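Biologist: I've got a fold on my screen and some questions about how its pieces fit together. Can we walk through it?

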Amino acid sequence: MEEQDQGPANDLERRIIEAFEIFDHAQNKNIDVREVGAVIRSLGCCPTEAQLQEVLMEVEDPDTGSVSLDKFLPYMVNVITEYQMQPASAEALLKAFQVMDPERKGFVSKEVLMRNMLELGEPFSQDELDEMLTVAVDPETGTVPYEYYINQIMVSNIFLRHTATLNRTPTKLLLTCN
């Protein structure tokens, strides 16, 4: 009896499949391992580099250097339903920014933010930093009014359009609190 392709069982599976298929350039239900982080971040998850390595150890086919949808889908359903790799809360982000703003001015300089993002925790690449700064820095003052920036991350579609970078932002900012 021929095996039929079962569609997604629920909305979560459908979302994961849709995100996966964006990076499935050959349309063969496989993606390159280098795309896994982008797929996971596009689902609203915020993995650290260590967590990404754990994912790859579980789902990568070492012979091909690819990840199949068949392995990725159940793994990510589990990650998401168990609330793993969640973004930081607005309160946690505010606390992190306040650590960088001991005078409580309500903003941090672009330079302070850049130094923290490049040097602490998991460093941003220059491209990631540039993308983040485009959104975070007030063009008139050259500073980051962090309460406004946090609201942008939490409320607006900028979060969705800049997923890869913004999803790493909470993790990086939390590392500055420790």
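What follows is a short chat about the strands and helices of this chain.

Biologist: Before we zoom in, how many helices and strands does the chain have?

Modeller: Bear in mind that this is a predicted model. Of the 178 residues of the chain, 41% count as buried. As for the elements, the chain has ten helices and five strands.

Biologist: And among contacts between residues at least 6 apart in sequence, what share joins residues at least 24 apart?

Modeller: Here we leave out pairs that sit closer than 6 apart along the sequence. Of the contacts that remain, the share joining residues at least 24 apart is 62%.

Biologist: Now the open sheet of three strands: what is the strand order?

Modeller: Start from the edges, where β1 (30-32) and β2 (60-61) each pair on one side only. β1 pairs with β3 (residues 66-68) in the antiparallel sense, over three bridges. The sheet has antiparallel pairing, and the order is β1-β3-β2.

Biologist: Which residue of β3 stands opposite I31?

Modeller: The β1 strand covers 30-32, and its antiparallel partner β3 covers residues 66-68. Opposite I31, in β3, you'll find V67.

Biologist: On to helices. Why is α3 called oblique to α4?

Modeller: Two packed helices are described by the angle between their axes and the distance between the axes. For α3 (residues 49-59) and α4 (residues 69-81), the axes come within 9 Å and cross at roughly 135°. Roughly parallel needs an angle under 35 degrees, roughly antiparallel one over 145, and roughly perpendicular 65 to 115. The crossing angle fits none of those, so α3 is to α4 oblique.

Biologist: Which residues of α4 make that contact with α3?

Modeller: α3 passes α4 in a right-handed crossing. From α3 come E54, V55, E58 and V59. By class, the contact has four nonpolar, no polar and three charged residues. The α4 side is K71, F72 and Y75.

Biologist: What about α6 and α7: how many residues of their contact are nonpolar?

Modeller: The axes of α6 (residues 110-119) and α7 (residues 126-136) come within 11 Å and cross at roughly 145°, and the crossing is right-handed. α6 brings K110, L113, M114, M117 and L118, while α7 brings Q126, L129, M132, L133 and A136. One of the contact residues is polar and one is charged, and the nonpolar count is eight.

Conventions: Residues are numbered from 1 along each chain as its sequence is written. This is a predicted model: local features need pLDDT of at least 70, side-chain atom pairs count only at pLDDT 80 or more; totals for chains, interfaces and linings use all residues. Side-chain values use heavy atoms; hydrogens and water are left out. Two strands pair if DSSP finds at least two bridges between them. Helices (H or I, at least four residues) and strands (E, at least two) are DSSP runs, numbered from the N terminus. Axes are lines fitted to C-alpha atoms, for helices over the stretch in contact, and angles run from 0 to 180 degrees between N-to-C directions. A crossing is left-handed if the near helix is turned anticlockwise from the far one by less than a right angle, and right-handed if clockwise. Contact means heavy atoms within 4.5 Å. Ala, Val, Leu, Ile, Met, Phe, Trp, Tyr, Cys and Pro count as nonpolar, Asp, Glu, Lys and Arg as charged, and the others, Gly among them, as polar. Buried means under 20% relative accessible area, exposed over 50%, partly exposed in between (1.4 Å probe, protein chains only).
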